[in-house]
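Me: I should like a close look at a single part of this structure, explained at the level of a first-year student. Please begin with that part and then place it in its wider setting.

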Amino acid sequence: MRIASLEVVPYALPFEQPYVTARGTLTRREMALLRLRDEDGVEGLGEAVPLSMRGGTSLRQVVEELEALGGRDMLDEQSLRGSAAALSAPARCAALTALMDLRGRRAAGADGAQQPLRCNATLTAGDPAGVVSEAERWAADGFSTFKLKLGTGDDAAQVRAVREALGPRARIRVDANGAWDLETAKRILAEIEPYEVELAEQPVATVEQAVELAASTPIPLAADESVETRADAERVAASGAFAMTGIKLCKVGGPEEALEIAEVLPAYVTSALDGPVGIAAALQVAQSLGDLGRAAGESLAHGLATQRLFASTVASVECELRGDLLYPPEGPGLGVEIDERALEAHRL
């Protein structure tokens, strides 16, 4: 399969309200759309979401990496895949996702039907009353699992308020983005343990800290920042630090590496505040996990309902949320169709 053209479009989507975590505040999400077209005019879409708040690759660097791919004299699937291995994780994710989408669209006659995926609500950090109000809006729309961003204020009060407001049947998970030191993490997890927390995602920064923390709390610990490769997953599994891991495609370098990680650790797929292409790719990966994505004998909700957080989109066709179920588009490949006017309006 020869690639006839490559286009990179940097753009940004604004949030409905500021997205607040222990790592900082975002008012928009910057990303890059990658378009590959083969000699027959079939198009494959990829997406790169630089995790700049985590000290990762910048959007400018990602765009430069992807544009450099288009400057090669010979570009086919094999050469593109080989070149992608040297890219940063977000750029590699975009390239490999676009190839996956292109293959899917070329095989348009194949049965690509997929089942919907259950997702958790993602709540931004804030005062307990504000977080409860947000949680109640998600609950009214059918969500039963709620992810609370901690590390910015009175964490125990936030968890207690949400538990009291939503009742005993709601599932609550927390995410500190590695902001706590070990002693703080021990204290806060002990304080919130009575509220039946489903899991604590990346409560501390290092695997060594997580080993000690895991021995001090019955709350299951999930990795995020600590697992970016299969080798990371193997190290974590051997240490007993984390019982499972969340996987962001742009953090690990794309769909294939995500599945490699899930062979080692039970996994659920989460959004890096992706755009429509990234969410569609993540949904396909999550559907591919099967029993690899099960922890404690029960399937976990995935963190892919974040399109609700944005004020606009660049897609005319994308995944659709109905309650807490995320449905894939019906078309071949990822099924996403771009709204050209919207993309131009959001272009950087």
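The part I have in mind is Gln-202, in the loop between S8 and H7. Is Gln-202 buried or exposed, and what is the sign of its phi?

Reply: The model is a predicted one, and what follows should be read with that in mind. Gln-202 belongs to the loop that links S8 to H7. Its relative accessible area is 0%. The limit for a buried residue is under 20%, and therefore Gln-202 counts as buried.

The backbone of Gln-202 deserves attention as well. Most residues other than glycine have a negative phi. Gln-202, which is not a glycine, has a positive phi of about 40°.

A useful companion is Glu-196, in the loop between helix H6 (182–192) and strand S8 (197–201). Glu-196 also is not a glycine, and its phi is positive at about 55°. Its surroundings are another matter: Glu-196 has a relative accessible area of 57%. The limit for an exposed residue is over 50%, so Glu-196 is classed as exposed.

On the other side of the loop that holds Gln-202 lies H7. Helix H7 (residues 207–214) packs with helix H8 (residues 230–239), their axes 10 Å apart and at an angle of about 30°. Because this angle makes them so, H7 and H8 are described as roughly parallel. The contact involves Val-207, Glu-208 and Val-211 from H7, together with Arg-235, Val-236 and Ser-239 from H8. By type, the residues of this contact are three nonpolar, one polar and two charged. The crossing of H7 and H8 is right-handed.

Strand S8 can be linked to another buried position. Asp-175, which lies in strand S7 (residues 171–175), is in contact with Glu-201, and Glu-201 falls within S8 (197–201). Leaving aside neighbours within four places in sequence, the other contacts of Asp-175 are Lys-147, Leu-148, Lys-149 and Leu-150. The relative accessible area of Asp-175 is 0%, and Asp-175 is therefore buried.

From Asp-175 the path leads to Leu-148. With neighbours within four places in sequence again left out, Leu-148 is in contact with Leu-123, Val-131, Gln-158, Val-159, Val-162, Ile-172, Arg-173, Val-174 and Asp-175. Leu-148 also stands out in the largest nonpolar core, which has 87 residues: Phe-146, Leu-148, Val-174 and Ile-192 touch the most other members. Helix H11 (residues 276–289) supplies the largest share of this core, nine residues. There is also a second, separate core of 22 residues, and among its members are Ala-48, Leu-80, Ala-95 and Leu-99.

Helix H11 has a partner of its own. Helix H10 (residues 255–262) and H11 cross at roughly 30°, and their axes come within 10 Å. That angle is why H10 is called roughly parallel to H11. The residues that meet are Pro-255, Ala-258, Leu-259 and Ala-262 in H10 and Val-285, Ser-288 and Leu-289 in H11. These divide into six nonpolar, one polar and no charged. H10 and H11 make a right-handed crossing.

The loop between strand S11 (267–269) and H11 contains Thr-270. Its relative accessibility is 3%, and so Thr-270 is buried. Gly-303 is 33 residues away from Thr-270 in sequence, yet their C-alpha atoms are 4.1 Å apart in space. Apart from neighbours within four places in sequence, Thr-270 is in contact with Gly-246, Ile-247, Lys-248, Gly-303 and Leu-304.

One further helix pair leads back to the second core, through Ala-95. Helix H1 (residues 59–69) and helix H3 (residues 89–106) have axes 9 Å apart and pack at an angle of about 40°. Because of that angle, H1 is oblique to H3. Val-62, Glu-65, Leu-66 and Leu-69 of H1 make the contact with Pro-90, Ala-91, Ala-94 and Ala-95 of H3. Seven of these residues are nonpolar, none is polar and one is charged.

To return to the starting point, Gln-202 is a buried residue with a positive phi, placed in the loop between S8 and H7.

Conventions. Residues numbered from 1 in each chain as written. Predicted model: local features only at pLDDT ≥ 70, side-chain atom pairs only at ≥ 80, totals over all residues. Heavy atoms only, no water. Axes fitted to C-alpha atoms, helices over the stretch in contact; angles between N-to-C directions. Helix = DSSP H or I, 4+ residues; strand = E, 2+ residues; numbered from the N terminus. Parallel < 35°, antiparallel > 145°, perpendicular 65-115°, else oblique. Contact = heavy atoms within 4.5 Å. Nonpolar A, V, L, I, M, F, W, Y, C, P; charged D, E, K, R; others polar. Core = buried A, V, L, I, M, F, W, Y, C linked by side-chain atoms within 4.5 Å. Buried < 20%, exposed > 50% of the residue type's maximum accessible area, 1.4 Å probe, protein only. Left-handed = near helix turned anticlockwise from the far one by under 90°.
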